[in-house]
Amino acid sequence: NWELAYFQDNGNNPATMEGSKNVDWYGLLEGHDIEVADAEQAYVQADLKGVPSWVCLPPEARTAEIVGKEMAKEMAKYKWPVVQLKKALYGHPDSGTFWEQHCDEHTRKVGFKPVGAEWPSCYYHERLKLFLVIYVDDFKLSGPKESLKKGWELLKQGLLLEAPKPIHGESYLGCRNRRSTRTLPAGGLATV
C-alpha cells in the first residue's frame with residue numbers, strides 16, 4: 001500500500017584488524033598454522049527476523065523451476081506479485097546483523113567462546129586450543145595443526161563454508177599473508 005518500511009537497524013559488530021592480527025600471531029607459534037574459509041552465500045543462511053518484509057520477484061524468478069508449478073501459475077495472475085522475505089537477503093538493512101547473530105549462535109554452540117566484548121567476533125575453543133576470527137563471511141582459524149580440521153568440521157555442522165585453505169599467499173581483510181623465518185641477532189630463528 002506504498003507505506004513506509006521501518007527496519008530495526010540493529011547494526012553489527014565486526015572483528016577488528018587487531019583481532020585478526022592476534023589470530024595471525026597465534027598461528028605462528030611452534031606447531032601451529034592458520035587457515036581461512038569463506039561462508040557461502042552467508043546472509044541467506046540466516047533467517048530474517050523482526051518486522052516482515054515483502055519483495056517483488058523479478059519475472060525470471062517466477063518460473064515453475066524456481067517457485068513451483070502452482071506458485072508460478074498464481075503469480076502469473078499479477079503484474080507485481082510479492083512474497084514475504086524469509087532469509088536475510090543482501091541489501092536488506094538488517095541482514096548483516098541477522099547473519100552475525102546466526103553465526104555467533106552456532107559458533108558458541110560448537111564450543112567456541114567469545115574472547116571478550118573488546119574483541120568482537122573473536123572466539124577461542126579451549127579443548128582444541130583454536131583461535132577464530134570472523135569478519136562478515138570471512139573466517140580465519142589458527143592453532144595446533146592437528147586441531148584445525150576438527151575445528152572446521154565443528155563450524156561446518158551448522159554453517160555452509162567453502163573448503164578451508166592455508167592463509168599463506170591468501171588475502172584477509174585486504175592484507176596478503178606470507179610466512180617466512182628470520183634469523184635473530186642472537187642466532188635463533190623466528191617465524192614471521
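**Figure 1. The whole chain, with 5 helices and 12 strands.** Helices (H or I, at least four residues) and strands (E, at least two) are DSSP runs, numbered from the N terminus. This is a predicted model, so local features need pLDDT of at least 70 and side-chain atom pairs count only at pLDDT 80 or more, while totals for chains, interfaces and linings use all residues. Residues are numbered from 1 along each chain as its sequence is written, and side-chain values use heavy atoms, with hydrogens and water left out. The C-alpha atoms fill a box of roughly 80 × 35 × 30 Å along the principal axes. The radius of gyration is 21 Å, against near 16 Å for a compact globule of 192 residues; this radius is taken over C-alpha atoms, and the globule rule is 2.2 Å times the number of residues to the power 0.38. Of the 192 residues, 35% count as buried, meaning under 20% relative accessible area, with exposed being over 50% and partly exposed in between (1.4 Å probe, protein chains only).

**Figure 2. Helix H1 and what covers it.** H1 runs over residues 17-27, and its buried residues are Gly19, Ser20, Val23, Asp24, Tyr26 and Gly27. They fall within an arc of 165° seen down the axis, so they line one face of the helix; the arc is that of the directions from the helix axis to the C-beta atoms. Among the elements covering these residues are strands S1 (32-38), S5 (122-125), S6 (130-135), S7 (138-144) and S9 (171-172).

**Figure 3. Helix H5, buried side and exposed side.** In H5 (residues 145-156), Ser147, Leu148, Gly151, Trp152, Leu154 and Leu155 are buried. Their arc around the axis is only 155°, which puts them on the same side of H5. Turn to the face away from that buried side and you find the exposed residues Glu146 and Lys149. The cover over the buried residues includes S1, helix H4 (95-109), strand S4 (112-114), S5, S6 and S7.

**Figure 4. Inside the largest nonpolar core.** A nonpolar core is a set of buried Ala, Val, Leu, Ile, Met, Phe, Trp, Tyr and Cys residues joined through side-chain atoms within 4.5 Å. This one has 26 residues, and Trp99, Phe112, Leu132 and Phe139 touch the most other members. H4, S6, S7 and H5 each give two or more residues to this core, with the largest share, 4 residues, coming from H5. Apart from it lies another core, of 10 residues, including Ala15, Tyr26, Ile167 and Tyr172. Leaving out residues up to four places away in sequence, the contacts of Leu132 (heavy atoms within 4.5 Å) include Val23, Phe112, Tyr123, Phe139 and Leu155.

**Figure 5. Aromatic pairs.** Rings of Phe, Tyr and Trp (its six-membered ring) pair if their centres lie within 6.5 Å; planes under 30 degrees apart count as stacked, over 60 as edge-to-face and the rest as tilted. That rule gives 4 aromatic pairs. Trp25 and Tyr26 make a tilted one, 6.2 Å centre to centre with 40° between the planes. Trp25 counts as exposed at 51% relative accessibility, whereas Tyr26 is buried at 11%. Ring pairs link both of them with Tyr124 and Phe131 into a cluster.

**Figure 6. The stacked pair of Tyr43 and Tyr90.** Here the rings sit 4.3 Å centre to centre, with 15° between the planes. The pair links distant parts of the chain, 47 residues apart: Tyr43 is in the loop between S1 and strand S2 (54-56), and Tyr90 in the loop between strand S3 (82-84) and H4. At 14% relative accessibility Tyr43 counts as buried, while Tyr90, at 45%, counts as partly exposed.
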